[in-house]
Amino acid sequence: MKRREMKELTAEELRHKEAELRDEIFRLKMKRAASALDDKMAIRNRRRDLARVITILRWNARKAEGKTH
């Protein structure tokens, strides 16, 4: 998911997406431990998506407080 698409989501949708990504990362790590993970970059990509979601949530929270920097 691209940053532009994430910025259009509501805070509730972003929190839901965060939970989904955390769960997916957990499952991918379990697959990796069992040597059943085909896509070696999947964990890295999901972690980056999670970081984007968290960053956008924080930006929105700061914007709501009236802080810009």
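Visitor: Arg 15 and Glu 12 both lie in one helix, so to speak; which helix is that, and how many residues apart are they?
Guide: This is a predicted model, by the way. The two side chains, Arg 15 and Glu 12, pair up in a salt bridge, with N to O at 3.3 Å. Their spacing is about one turn of the helix, and the place to look is helix 2, where they sit three residues apart.

Visitor: Is Glu 12 buried or exposed?
Guide: Its partner Arg 15 is partly exposed, with a relative accessible area of 45%. For Glu 12 the relative accessibility is 54%, and the cut-off for exposed is over 50%. That is why Glu 12 counts as exposed.

Visitor: What about Arg 22, which residue does it form a salt bridge with?
Guide: Look in helix 2 again, four residues away, about one turn of the helix. The closest N and O atoms are 3.0 Å apart, and the partner of Arg 22 is Glu 18.

Visitor: Is Glu 18 buried or exposed?
Guide: Arg 22 comes out as partly exposed, at 45% relative accessibility. Glu 18 has a relative accessible area of 17%, and buried means under 20%. So the label for Glu 18 is buried.

Visitor: Which residues does Glu 18 touch, if I skip those up to four places away in sequence?
Guide: Glu 18 itself belongs to helix 2. One of the residues it touches is Leu 50, and Leu 50 has its place in helix 3. The full list for Glu 18 is Leu 50, Val 53, Ile 54 and Leu 57.

Visitor: And seen from the other side, what is Leu 50 in contact with, leaving aside neighbours within four places?
Guide: Leu 50 sits in helix 3. Both members of one salt bridge, Arg 22 and Glu 18, turn up among its contacts. The whole set is Glu 18, Leu 21, Arg 22 and Ile 25.

Visitor: What relative accessible area does Leu 50 have?
Guide: Buried means under 20%, and Leu 50 falls in that class. Its value is 10%.

Visitor: How many Å separate the C-alpha atoms of Leu 50 and Lys 2?
Guide: Along the chain, Leu 50 and Lys 2 are 48 residues apart. In space, their C-alpha atoms are separated by 11 Å.

Visitor: Back to the charges: which residue does Arg 27 meet in a salt bridge?
Guide: Both partners lie in helix 2, four residues apart, about one turn of the helix. Arg 27 is partly exposed at 46% relative accessibility, and its partner is partly exposed at 39%. The N to O distance is 3.3 Å, and the partner is Asp 23.

Visitor: How many salt bridges does the structure hold?
Guide: We've met Arg 15 with Glu 12, Arg 22 with Glu 18 and Arg 27 with Asp 23. Those are among the total, which is five.

Visitor: Which helix gives the largest share of the positive patch?
Guide: The patch is formed by Lys 29, Arg 32, Lys 40, Arg 44, Arg 47 and Arg 48. Helix 2 (11–33) and helix 3 (42–65) each supply at least two of these residues. The largest share, three residues, comes from helix 3.

Visitor: What is the relative accessible area of Arg 48?
Guide: Arg 48 is one of the residues forming the positive surface patch, and its place is in helix 3. It counts as partly exposed, because its relative accessible area is 46%.

Technical notes. Residues numbered from 1 in each chain as written. Predicted model: local features only at pLDDT ≥ 70, side-chain atom pairs only at ≥ 80, totals over all residues. Heavy atoms only, no water. Patch = residues over 30% accessible without salt bridge, like charges linked within 9 Å, V, L, I, M, F, W, Y side chains within 5 Å. Areas by Shrake-Rupley, 256 points an atom, 1.4 Å probe, with all protein chains shown as cover. Salt bridge = Lys/Arg side-chain N within 4 Å of Asp/Glu carboxyl O. Lys, Arg positive; Asp, Glu negative; His and termini not counted. Charge placed at Lys NZ, Arg CZ, Asp CG, Glu CD. Helix = DSSP H or I, 4+ residues; strand = E, 2+ residues; numbered from the N terminus. Buried < 20%, exposed > 50% of the residue type's maximum accessible area, 1.4 Å probe, protein only. Contact = heavy atoms within 4.5 Å.
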